Amino acid sequence: MFSEVETTVNLPAQEAGILQFWKDHDIFKKSLAQRQGKPEFVFYEGPPTANGRPGVHHVQARSYKDLIPRYKSMQGHYVPRKAGWDCHGLPVELEVEKRLGFSGKPMIEKYGVGPFNRECRSSVMEYEQAWRQMTERIAFWVDMDHPYMTMTNDFIESVWWSLAELWKMGLIYQGYKVLPYCPRCGTPLSSHEVGLGYEDITDPSIYIRFPLKHPEALGLGPKTSLLVWTTTPWTLFGNTAAAVNPEFAYVAVQHGEETLILAKSLVEKVLPTAVVAKELAAEQLLGVEYTPPYRIPADKKAWYVVGGSFVTAEDGTGIVHIAPAFGADDMEMSRQFDLPVLRTVNEEGKFVADVPLVPGVFFRDGNAPVMADLKARGILLRAEDYLHSYPHCWRCDTPLMYYATTSWFIRNSSLKERLLEENQKINWIPPHIREGRFGDWLEN
């Protein structure tokens, strides 16, 4: 368990004497002066955020940061060590939001981005003195009097310069990427952050019909539908395709007066009393058109069956509804088959105005009215409760949504082979990092 480092520490006399001696005689600066003109080993500190108190884990990290520069200095190198402060990002903004009593992005915009930024700038160095005292106490030699700060113009200009160079190389492009997104904070979350906020919740698990437009092409009767399973009814407004697994066998089963298509291995689990009327290869289903539950205007061809190896036979029906704006696999299908991306929910997590039934409703609150509507129109076959672990924002506890964000990206994939080659030249300690955590990240 991490505890905050105290801002006042009573040191043993001997330790206090050593630290005071170093301070009184500028030993750190003298150690640098002794090495002037020698080969350089430059160290820039990976910057912490100074608007929060330092913790024990910071002591551990700074011990590593101190060890290597001291070692290089003992080898005869000139080792300037520059401290840094991370002045950007949500940790700073959330602290100011708490202070001002704000509860989301709209309140910031109403207050004014300029005034809000000024509040952030004034708060960012709130605990600088506590950090300085901790740094001196653990004998970490680093230049804290001339730090680099990510909010200064010269630092920001260096970022713009690097982006300009990448643009000249043709590596910057605009596109969609589906990421876990917090509509309250208005930002995507990293995989590490997502892992901090899972909660067990109950969602609806529904089986719905996607009626085929031309069932006769498969030798089937007029009342034939794909049987699709989903635990996110609210995403049906963004549906543009249905996916089957090319490796699975499918069947058309007689269910009362209708015919339903699903994976052969799941019939007994989903429709145990149904009678198999015809066996179908997945290939026969590819390209088959259906009528979606909701038809939102699209600028490309949509609402037909595609093949996807990610479709499983563990749950559901072996047929997955594809909403590219709300799933990573779905977005990949969009790229592969040139499907439209229907962003039926805005960045506040609310349905946009031209969505029927639920305009302005928070995305998760759309499940109930969608299910009621599907039932009334005879599209819903059945619904069950589904208990599962769902990601929530670790900062504000808002349910996350997997959301296609429009952003600028760096095409690192085009440099993959060179990155892998250069990684082999790095002296990793411990060595297994080369092919392990870092190497695996580059490879994938």
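Here is a walk through two sheets, a pair of packed helices and the nonpolar cores of this structure. Keep in mind that you're looking at a predicted model.

Let's start with the sheet that comes early in the chain. Three strands make it up, in the order β1-β2-β3, and the sheet is open, with parallel pairing. The edges belong to β1 (43-44) and β3 (143-149); each has a single partner strand, so one side of each is left without a neighbour in the sheet. If you zoom in on β2, which covers residues 81-85, you'll find 3 bridges tying it to β3 in the parallel sense. To get your bearings there, look for Gly84, which sits opposite Tyr148 of β3.

Next, the helices. Two packed helices are described by the angle between their axes and the distance between the axes. For helix α4 (residues 90-100) and helix α6 (residues 113-123), that angle is about 105° and the axes are 9 Å apart. An angle of 65 to 115 degrees counts as roughly perpendicular, and α4 and α6 are therefore roughly perpendicular to each other. Who does the touching? On the α4 side, the contact is made by Val92, Glu93, Val96, Glu97, Arg99 and Leu100, while α6 brings Phe116, Glu119, Cys120 and Ser123. Sorted by character, the residues of this α4 and α6 contact come out as 5 nonpolar, 1 polar and 4 charged.

Now for the inside. In soluble globular proteins, nonpolar side chains tend to be buried together. Here the largest nonpolar core holds 61 residues, and Ile208, Leu226, Ile261, Leu271 and Leu374 have the most contacts inside it. The biggest contribution to this core is from strand β6 (residues 198-211), which supplies 5 residues. Ile261 is a good one to click on: setting aside neighbours within four places in sequence, its contacts include Leu212, Leu218, Leu226, Val251, Leu280 and Ile319. Thr224 and Ser225 are also among the contacts of Ile261. Apart from this core lies another, of 19 residues, including Phe116, Met134, Met144 and Met149. You've already met Phe116, in the contact of α4 with α6.

Last stop: another open sheet, again with 3 strands, this time in the order β5-β4-β15 and with antiparallel pairing. Its edge strands are β5 (187-188) and β15 (401-410), each pairing on one side only. Strand β4, residues 172-182, runs antiparallel to β5, and 2 bridges join them. A handy landmark is Tyr181, which stands opposite Pro188 in β5.

Terms used:
Residues numbered from 1 in each chain as written. Predicted model: local features only at pLDDT ≥ 70, side-chain atom pairs only at ≥ 80, totals over all residues. Heavy atoms only, no water. Pairing = 2+ DSSP bridges. Helix = DSSP H or I, 4+ residues; strand = E, 2+ residues; numbered from the N terminus. Axes fitted to C-alpha atoms, helices over the stretch in contact; angles between N-to-C directions. Parallel < 35°, antiparallel > 145°, perpendicular 65-115°, else oblique. Contact = heavy atoms within 4.5 Å. Nonpolar A, V, L, I, M, F, W, Y, C, P; charged D, E, K, R; others polar. Core = buried A, V, L, I, M, F, W, Y, C linked by side-chain atoms within 4.5 Å. Buried < 20%, exposed > 50% of the residue type's maximum accessible area, 1.4 Å probe, protein only.
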